[in-house]
Amino acid sequence: MAEVSGGQAFPPAERRLRLGIVGGGQGSFIGKVHARGARLSNRWDVVAGALSSRPQVAQESGRAWLLAEDRIYTDYRVMAEREAGRPDGIDAVAITTPNNSHHAIACAFMENGIDVISDKPLTTTLADALDLVRRQRETGLIFGVTYAYAASAMVRQARQMIREGALGTLRQVHVEYFQEWALTPPSDAGAGAQWRLDPAIVGPTFTTGDIGTHCHHLSAFVCGRPVTAVRAEFHTLGPPKALEDTAFMHVRYEGDVPGTIMVSQVAPGTHCGLRIRVFGDKASLEWNQEEPEALHLRRFGEPARLLTRGEGAGIGASAARFVHMPRGHPEALSDAWGNLYEEFAIAVEARRLGRALPAGLLEYPTVMDGALGVKFIEAALASSRSGGQWTDCRLPI
């Protein structure tokens, strides 16, 4: 890649890295997204997998993915041990399974010296999340978490603009994410949806853990400051289910900046309506993931400006690294997944080669971001159960 104007470009790859995937077989949605994102980055080959906990499905899925027969596994523990012992073993594993299995799978691969990329939420309990943070610190392994919206070019643009003071002093932050799919009664939902409603699998929340954590991470990432406290109110407004499908939250960011997070998966007419608005004392920014090419800049007393993804014309280095097509040729969430996997690859390759990277070059979500998301889930749940008391979102480390 050529030098990015105003900033450091990503280093070229030494080789394509080898990726293994756990989960993602027949009937899975997110596993295929991981694989496509990895391939789109042009820095990974998917070479091994334990694609299902059901042996026949794992084998059939592995063949459908064109994996070599001896790299189609029916047990992730066997996969971790055998891949660690191969001279051409995987460089990293992507965990694309339901929430309650993330911790055990991550531990199995970390114990074998393999870098980890995990779906979110990181775990179903804070204790497990903190255990993964500890293991990562002790081993020095790369541990990425797939909050993919943060790898959209115009999200990086917003983050850089806020960091450089384009809005002035931050005053308030508002995030919302609305979907409609949980209006379908749980008994009529497909297998891929039913597990998301099972507390034994997803943990103590439904919508807050699923899409609320995206809001939590995106807002903290864009603003460059963590959420410190939450005051939450949970509701079940769609068909009866064991967990909440809607949550309204007041939050505080570092520096006592107030904000709101609103999430619902029973909002008719909505699909993936994730929107963030950040207000300073001089200007505001707004980004909507259903229109990911655009970033709205509105300065006090001035006409609004529409910034669009592309080369030049005010695009900062953080966004320019993720510009792959000229303006007018849309890029979207699939490209963000490719961007995220590019950063993961650069981090994994640098660790394995003992290569130092420039500070700030990579901004991918880490295991610490994943643990903060689990803490946010538990704090929001505790707040709702207490009648909406302010509850600390900071990690005890």
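This is a guided tour of the cavities and salt bridges in a predicted model.

**The largest cavity**

Begin with the enclosed space inside the protein, where the structure holds five cavities of 30 Å³ or more. Go to the largest cavity, in which about 80 Å³ of space lies, and select S152, A153, R309, E331 and A332, which are the closest to its centre among the 13 residues of the lining. Next, colour the helices α6 (153-163) and α11 (333-353), each of which supplies at least two residues of the lining of this largest cavity; α11 gives the most, with three residues. If you then colour the lining of the largest cavity by residue class, you will find seven nonpolar, two polar and four charged residues.

**A buried pair beside the cavity centre**

Keep E331 and R309 selected, since both are among the residues closest to the centre of the largest cavity, and display their side chains, which meet in a salt bridge with an N to O distance of 3.2 Å. The pair links distant parts of the chain, with E331 in the loop between α10 (317-320) and α11 and R309 in the loop between β13 (305-308) and α10, 22 residues apart. Are these two residues buried or exposed? E331 has a relative accessibility of 5% and counts as buried, and R309 is likewise buried, with a relative accessible area of 3%.

**A pair between two strands**

Now select R298 and E286, whose side chains meet in a salt bridge at 3.1 Å, N to O. R298 lies in strand β12 (residues 294-299) and E286 in strand β11 (residues 283-288), so this salt bridge ties together parts that are twelve residues apart in sequence. The two partners fall into separate accessibility classes: R298, at 34% relative accessibility, counts as partly exposed, whereas E286 is buried, with a relative accessible area of 13%.

**A pair with an exposed partner**

Move on to D256 and R252, whose side chains form a salt bridge at 3.5 Å, N to O. Here D256 is exposed, with a relative accessible area of 56%, while R252, at 29% relative accessibility, counts as partly exposed.

**A network to finish**

For the last selection, take R15, D91, D115, R351 and R352 together, because these residues are linked in a network of salt bridges. R351 and R352 fall within the residue range of α11 (333-353), the helix that gives the most to the lining of the largest cavity. To place these stops in context, you may display every salt bridge in the model, for which the count comes to 32.

Note on methods
Residues numbered from 1 in each chain as written. Predicted model: local features only at pLDDT ≥ 70, side-chain atom pairs only at ≥ 80, totals over all residues. Heavy atoms only, no water. 1 Å grid on protein atoms, 1.4 Å probe; cavity = no way out; pocket = protein on both sides within 12 Å on 5 of 7 lines; lining within 4 Å. Points joined across faces, edges and corners; volume = space filled by probe spheres on them. Helix = DSSP H or I, 4+ residues; strand = E, 2+ residues; numbered from the N terminus. Nonpolar A, V, L, I, M, F, W, Y, C, P; charged D, E, K, R; others polar. Salt bridge = Lys/Arg side-chain N within 4 Å of Asp/Glu carboxyl O. Buried < 20%, exposed > 50% of the residue type's maximum accessible area, 1.4 Å probe, protein only.
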